[in-house]
Amino acid sequence: MKKIACITGASSGIGWATAKALSKEGFQLILCGRRLDRLEALQAELSTDSYLLIFDVGDASAVKSAFEKLPAEWRPIDVLINNAGNAHGMSPIQSGDEADWDAMMNSNVNGLLYVSQAVIPGMIERKSGHILNLSSIAGKQIYPNGNVYCASKAAVEALTQGMRLDLNPFYIKVSSVAPGAVNTEFSAVRFKGDMDRANAVYQGFTPLVAEDVAEVIRYMVMAPAHVNLADVLLLPTAQASAGLVKRD
Ligand code: 8X3
């Protein structure tokens with residue numbers, strides 16, 4: 001039977017790798033992102049059909065109109081992967097940048113809500129579905145200078161629990177996966193292209209790569225209908241907590 005998964009932030013990193021992993025499982029994919037060229041490049045690598053939706057998750061009206069325009073055959077979304085999100089800046093709260101705060105809260109929290117709101121009614125109608133939110137170890141443990149990013153991911157943790165409660169009557173699974181250090185564009189974006197600072201995050205140990213996270217997501221998505229891996233913390237072996245990494 002045809003299965004449809006929708007992935008936000010599919011144009012890079014964990015989103016991209018998850019698209020490839022779910023395509024191998026036969027999922028047809030709605031790939032969401034801001035960069036058409038990147039999504040087209042991903043589409044060309046997939047072995048199943050895909051449909052591209054270009055929007056910024058933090059733009060409520062763009063999200064609404066993109067999902068309203070989905071062709072009928074793409075509407076019954078079985079799995080929603082709320083992956084879009086980023087960190088912007090890393091400084092003490094007293095010197096934080098308002099634009100960075102807004103960007104993080106807007107994509108990591110509001111964007112997750114806007115996309116979920118577009119997809120949930122169909123899942124309720126069909127009385128089935130799986131929503132998988134990308135959290136972070138930062139949502140479970142606050143670290144120095146992580147303040148607003150950690151708050152945004154703590155909100156993802158809270159929203160995951162809230163969704164699980166509210167959607168319980170409709171047989172909808174809600175899960176989250178919270179990775180630790182994953183070597184993607186994450187730190188380059190956080191440090192605004194300062195590659196010395198970004199690369200230092202992953203030095204002296206073996207971090208996770210996007211494919212490691214995608215493989216866990218694939219496993220969570222493919223679990224039997226009665227099994228929900230509800231709250232998964234995924235760390236590189238060298239990482240013991242948000243602030244403790246064994247480096248050689
Ligand atoms: C990314 C992991 O530890 O940089 O969410 O916050 S961390």
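These entries record what I looked up about the ligand site and three helix pairs.

**Entry 1: the model**

I noted at the outset that this is a predicted model.

**Entry 2: the ligand site**

I began with the residues that surround the ligand. The list I obtained consists of Ser136, Ile137, Ala138, Tyr143, Tyr149, Gly180, Phe186 and Arg190. I then sorted this shell by class and recorded five nonpolar, two polar and one charged residues.

Next I asked which side chains place an N or O atom at a short listed distance from a ligand oxygen. For Ser136, a side-chain N or O atom is 2.5 Å from an oxygen atom of the ligand. For Tyr143, the corresponding distance from a ligand oxygen to a side-chain N or O atom is 2.5 Å. For Tyr149, I recorded 2.6 Å between a side-chain N or O atom and an oxygen atom of the ligand. I also looked up how much of the ligand is covered: on its own it has 240 Å² of accessible area, and the protein covers 83% of that.

**Entry 3: α4 and α5**

I turned to the helices. Two packed helices are described by the angle between their axes and the distance between the axes. Helix α4 spans residues 98–126 and helix α5 spans residues 147–166. Their axes come within 8 Å and cross at roughly 15°. An angle under 35 degrees counts as roughly parallel, and I therefore entered α4 and α5 as roughly parallel to each other. The crossing of α4 past α5 is right-handed.

**Entry 4: α1 and α2**

I then examined helix α1, residues 13–24, with helix α2, residues 36–45. The two axes come within 10 Å and cross at roughly 25°. That angle makes α1 roughly parallel to α2. I recorded this crossing as right-handed.

**Entry 5: α1 and α8**

Helix α1 also has an entry with helix α8, which covers residues 210–222. Here the axes come within 8 Å and cross at roughly 50°. I therefore entered α1 and α8 as oblique to each other. The crossing of α1 and α8 is right-handed.

Terms used: Residues are numbered from 1 along each chain as its sequence is written. This is a predicted model: local features need pLDDT of at least 70, side-chain atom pairs count only at pLDDT 80 or more; totals for chains, interfaces and linings use all residues. Side-chain values use heavy atoms; hydrogens and water are left out. A residue is near a molecule or strand if one of its heavy atoms lies within 4 Å of it. A polar contact is a pair of N or O atoms within 3.5 Å; within protein, one must be able to donate a hydrogen and the other to accept it, and residues adjacent in sequence count only if both atoms are side-chain atoms. Accessible areas come from the Shrake-Rupley method with a 1.4 Å probe; for residues, only the protein chains shown count as cover. Ala, Val, Leu, Ile, Met, Phe, Trp, Tyr, Cys and Pro count as nonpolar, Asp, Glu, Lys and Arg as charged, and the others, Gly among them, as polar. Axes are lines fitted to C-alpha atoms, for helices over the stretch in contact, and angles run from 0 to 180 degrees between N-to-C directions. Helices (H or I, at least four residues) and strands (E, at least two) are DSSP runs, numbered from the N terminus. Angles under 35 degrees count as roughly parallel, over 145 as roughly antiparallel, 65 to 115 as roughly perpendicular and the rest as oblique. A crossing is left-handed if the near helix is turned anticlockwise from the far one by less than a right angle, and right-handed if clockwise.
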